[in-house]
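Visitor: Please show me the structure, and then let me ask how its labels are justified.

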Amino acid sequence: MQLDCRGGASVTAAKTAVETIQREMTIFARRARASAGRMHPELSLVSYTLLGHLEESGGCRATDLAAHYALDKSTVSRQVAALERVGLIERRLDPADHRVQVLHLTDAGQEILAQVTRSRRAAFRERLADWPEADLVRFAGYLARYNAGTPAGSADG
């Protein structure tokens, strides 16, 4: 932060804004975790995001999921095992390298992911229904910018 020539008022405003952003993002994350269970009882927020990534990527290894989300491999292993047990994902041999197993959504996994995605989108539309279009576009841009990258060595918030 740079000090304002007139005494640092902008530093205080910026510091307060960052503190507010951190607090509001924490509330957002808590709300997302809590709502995930209401959307589908078998699908935690982590499970939902893993299924979403498998759909977007067309399948990947568990180690790729761990790296993509910066999660511990044991966390991903537990989530993968749980998703396999309920029939939402399956392992297939990589056609290019039969030593590698690639995770894919099953038909049931695709359907549940689609169902939860529809429910989440409806909840977002309802929550944002009264926002002017310009605010929605600006907010979407800010979120995309925020999520575009994390500075090296930082604690992701």
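**Reasons behind the labels**

Guide: A hairpin joins β1 to β2 through two residues, and this model is a predicted one.

Visitor: How do you know that strand β1 and strand β2 pair?

Guide: Strand β1, residues 89–94, and strand β2, residues 97–105, share six bridges in the antiparallel sense; pairing asks for at least two bridges, so the two strands count as paired. Within this pairing, Leu93 stands opposite Gln101 in β2.

Visitor: Why is the contact between Arg23 and Glu24 called a salt bridge?

Guide: The N to O distance between their side chains is 3.9 Å, and the cut-off is within 4 Å, so the contact between Arg23 and Glu24 qualifies. A search of the whole structure finds seven salt bridges, and another one of them links Glu90 with Arg92, whose closest N and O atoms are 2.8 Å apart.

Visitor: What makes Glu90 partly exposed?

Guide: Glu90 has a relative accessible area of 30%; buried means under 20% and exposed means over 50%, so Glu90 falls in between. Arg92, its salt-bridge partner, has 38% relative accessibility and therefore also counts as partly exposed.

Visitor: Why is Arg99 called exposed, and Asp97 partly exposed?

Guide: The side chains of Asp97 and Arg99 meet in a salt bridge at 2.9 Å, N to O. Arg99 has 74% relative accessibility, which is over 50%, so Arg99 counts as exposed. Asp97 has a relative accessible area of 21%, which is not under 20% and not over 50%, and therefore Asp97 is called partly exposed.

How values were computed. Residues are numbered from 1 along each chain as its sequence is written. This is a predicted model: local features need pLDDT of at least 70, side-chain atom pairs count only at pLDDT 80 or more; totals for chains, interfaces and linings use all residues. Side-chain values use heavy atoms; hydrogens and water are left out. Helices (H or I, at least four residues) and strands (E, at least two) are DSSP runs, numbered from the N terminus. Buried means under 20% relative accessible area, exposed over 50%, partly exposed in between (1.4 Å probe, protein chains only).
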